[in-house]
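Here is a friendly walk through one protein chain, written for someone who thinks at the bench. Please keep the viewer open as you read.

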Amino acid sequence: MEQLKQWQSENQTPLEVDPYYSVDPDGSIATKTYFESYLGQLQETEHTIKDYYSDAYNEAVSAPINSLAFISGKYLCDWSNYFDPSMPAKERQWTHHQLRAMLTDTHVALNDPYALAASGGPKTVEQMDKIARQAVKDKLDSLIKECQASTVN
């Protein structure tokens, strides 16, 4: 019996107490905070992209021909009177793709290297996850501080 007790004590993994359990026992605050942060990052990225292309979008909307035909002529067809040869080919493709999405009210691509270059480029899933996890930690830490402050008073 003594050997069994010794074996159990040696092979027992120590239990970790979740410091956030007292303020978020079911994890709902953490889940909500995580997804709000993650979604907020995606919305911010979309807004940055749309802002980047806003002048080109306004030009396409006010073009003398159909907007979709205009952007095709300007960014894809080198024989068009509207063609813009000053842009590198890849950038023209991205511009056409994003403007087409904006004009047809569909989703822009969130990994646009040109529109996001000024903000450090597109974020990876891992980077957005890390930011969202930090937001959860910050939120739960602030709740713990609030609880501690209210018990002191």
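The report below goes through helices, salt bridges, a pocket and some loop residues.

This is a predicted model, in which local features need pLDDT of at least 70 and side-chain atom pairs count only at pLDDT 80 or more, while totals for chains, interfaces and linings use all residues. Residues are numbered from 1 along each chain as its sequence is written, and side-chain values use heavy atoms, with hydrogens and water left out.

## Two helices

Let us begin with helix 2, which covers residues 28-52. Helices here are DSSP runs (H or I, at least four residues), numbered from the N terminus. The 25 residues of helix 2 should span 36 Å at 1.5 Å a residue, and its end C-alpha atoms are indeed 36 Å apart. The expected span is 1.5 Å times one less than the number of residues. Several side chains of helix 2 are tucked away: Ala30, Thr33, Tyr34, Ser37, Tyr38, Gln41, Thr45 and Ile49 are buried. In this report, buried means under 20% relative accessible area, exposed means over 50%, and partly exposed lies in between (1.4 Å probe, protein chains only).

Helix 5 has 15 residues and reaches 21 Å from its first C-alpha to its last, close to the 21 Å expected. Its buried residues are Glu91, Arg92, Thr95, His96, Gln98, Leu99, Ala101 and Met102. What covers them? Helix 2, helix 3 (54-61) and helix 4 are among the elements that cover the buried residues of helix 5. Contact here means heavy atoms within 4.5 Å.

## Salt bridges

How many salt bridges does a search of the whole structure find? The search finds five. A salt bridge is counted when a side-chain nitrogen of Lys or Arg is within 4 Å of a carboxyl oxygen of Asp or Glu. The table lists three of the five.

| Pair | Closest N to O distance |
|---|---|
| Glu36 and Lys32 | 3.5 Å |
| Arg133 and Asp129 | 2.9 Å |
| Lys137 and Asp141 | 2.8 Å |

Glu36 and Lys32 both belong to helix 2 and sit four residues apart, about one turn of the helix. Arg133 and Asp129 are likewise four residues apart, in helix 6 (residues 125-152). Lys137 and Asp141 also lie in helix 6 with a spacing of four residues. An α-helix has 3.6 residues a turn, so residues three or four places apart point the same way.

How accessible are these side chains? Glu36 is partly exposed at 47% relative accessible area, and Lys32 is exposed at 53%. In helix 6, Arg133 is exposed at 55%, Lys137 is partly exposed at 38%, and Asp141 is partly exposed at 22%.

## The largest pocket

The largest pocket has a volume of about 150 Å³. On a 1 Å grid over the protein atoms alone, a pocket is an open set of points where a 1.4 Å probe fits, with protein on both sides within 12 Å along at least five of seven lines, and lining residues have an atom within 4 Å of a point. Grid points are joined across faces, edges and corners, and the volume is the space filled by probe spheres set on the points.

Which residues line the largest pocket? They are Gln41, Glu44, Thr45, Thr48, Leu116, Ser119, Gly120, Gly121, Pro122 and Lys123. By class, this lining has two nonpolar, six polar and two charged residues. Ala, Val, Leu, Ile, Met, Phe, Trp, Tyr, Cys and Pro count as nonpolar, Asp, Glu, Lys and Arg as charged, and the others, Gly among them, as polar. Gln41 and Thr45 also appear among the buried residues of helix 2.

## Loop residues

Asp105 follows helix 5 and lies in the loop between helix 5 and helix 6. Its phi is near 60°, a positive value in a residue other than glycine. Most residues other than glycine have a negative phi. Asp105 is exposed, at 68% relative accessibility.

Pro113 is in the loop between helix 5 and helix 6, and is partly exposed at 36%. Leaving aside residues up to four places away in sequence, Pro113 touches Trp94 and Pro122. Pro122 is also one of the residues lining the largest pocket.

Pro85 lies in the loop between helix 4 (67-75) and helix 5 (89-103) and is exposed at 62%. Its C-alpha atom is separated by 26 Å from that of Ser119, 34 residues away along the chain.

Technical notes: Helix = DSSP H or I, 4+ residues; strand = E, 2+ residues; numbered from the N terminus.
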